Amino acid sequence: MEKYEQHQFQQKELPVIFHLDFIGPNTSLYPHWHENIELLYCIHGDGEAVIDSRSVPLKKGGLTVVNSGNLHYTKVISGQSVVYYCLIVSSDMLEQFGIFVEHKEFCEFVCCEEINRRFEQIVKEMKEQKPYYEGVVKGEIGALVSLLQRDFSVESKGDKKSEMVKLGIRYMKKHFCETLSLNDIAEAVGFSRYYFCREFKNITGYTVNEYLRYLRCREADQLLQNSTLAISEIASACGFDDVSYFTKIFKKQTGKLPSLLRKERKGQQKNEIFFK
């Protein structure tokens, strides 16, 4: 998804986000960014990460690094599914090791046996969660990122076009429930409509209107799940003036009508209560 991502770390003693991701040929992912560094360790398939409009390999044998503040998303190539571990590390935790990722950039694709070994140890510890695993994982992360800092630091690739796109995303994320025109968004970021729309498409792979519809449907999905608002009220709350148009766009985005999705969610909740 195309947005700023605010991370919530569940464990104070180990402020990381760790999960296994799978992307197939038909997976639709939207670019996003965040302040924390993200490490992608591929275990199957051949894909790429698009980082600030640059194509970076995502393949077995190397570590793909998403630096702080970089707009990014992953995708498959050659129609092949890709499986990778994603590790997002709190900047505050890394500062304890003297590593300040908001002012540092690393190579975006790193082939290094020692770094791979460190990441595989992190995977092992996170899976097994033996006593005191948090301290072990912390130490491995510190060692891994210290290696990146020592051997794979690069000069900043700051991109004004990407910054413009981020400003546009911030504005849309804040105002998507309102009536928005392309002129409104372009004016908010200080560029012409034509230039902004062209570069937004070049960098993200999506048009501005596609992203705006995505944001609205994502919010509608949350309201369908967590509120008792009527579908017409949800449409209005998410920036859709016409409920029929909302229903059409929502089905295109999710594959299901809003009424059907709400019905399925309610059924799932009843089952969860029954089996508790």
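**Reading the aromatic pairs**

Modeller: Let's start with the rings: this predicted model holds 10 aromatic pairs.

Biologist: Happy to. How is the pair of Tyr30 and Tyr206 arranged, in terms of centre-to-centre distance and the angle between the planes?

Modeller: Planes under 30 degrees apart count as stacked. Tyr30 and Tyr206 are stacked, with 15° between the planes and 4.2 Å centre to centre.

Biologist: Which parts of the chain does that pair tie together?

Modeller: Look at where each ring sits. Tyr30 is in the loop between β2 (16-23) and β3 (32-33), while Tyr206 is in the loop between α6 (193-204) and α7 (208-226), so the pair joins parts 176 residues apart in sequence.

Biologist: And are those two residues buried or exposed?

Modeller: Buried means under 20% relative accessible area. Tyr30 has 8%, so Tyr30 is buried; Tyr206 has 15%, so Tyr206 is buried too.

Biologist: What kind of pair do Phe246 and Phe250 form?

Modeller: That pair is tilted, at 5.6 Å centre to centre and with 50° between the planes. Phe246 and Phe250 are 4 residues apart in helix α9 (residues 243-254), so about one helical turn separates them. Both Phe246 and Phe250 are buried.

Biologist: Which residues make up the cluster that ring pairs link?

Modeller: Phe246 and Phe250 belong to the cluster, together with Phe240 and Tyr245.

Biologist: What lies over the face of Phe240?

Modeller: Here we look for a charge above a ring. Arg216 lies over the face of Phe240, 6.0 Å from the ring centre.

Conventions
Residues numbered from 1 in each chain as written. Predicted model: local features only at pLDDT ≥ 70, side-chain atom pairs only at ≥ 80, totals over all residues. Heavy atoms only, no water. Phe/Tyr/Trp six-rings, centres within 6.5 Å; stacked < 30°, edge-to-face > 60°. Helix = DSSP H or I, 4+ residues; strand = E, 2+ residues; numbered from the N terminus. Buried < 20%, exposed > 50% of the residue type's maximum accessible area, 1.4 Å probe, protein only. Lys NZ or Arg CZ within 6 Å of the ring centre and 35° of its normal.
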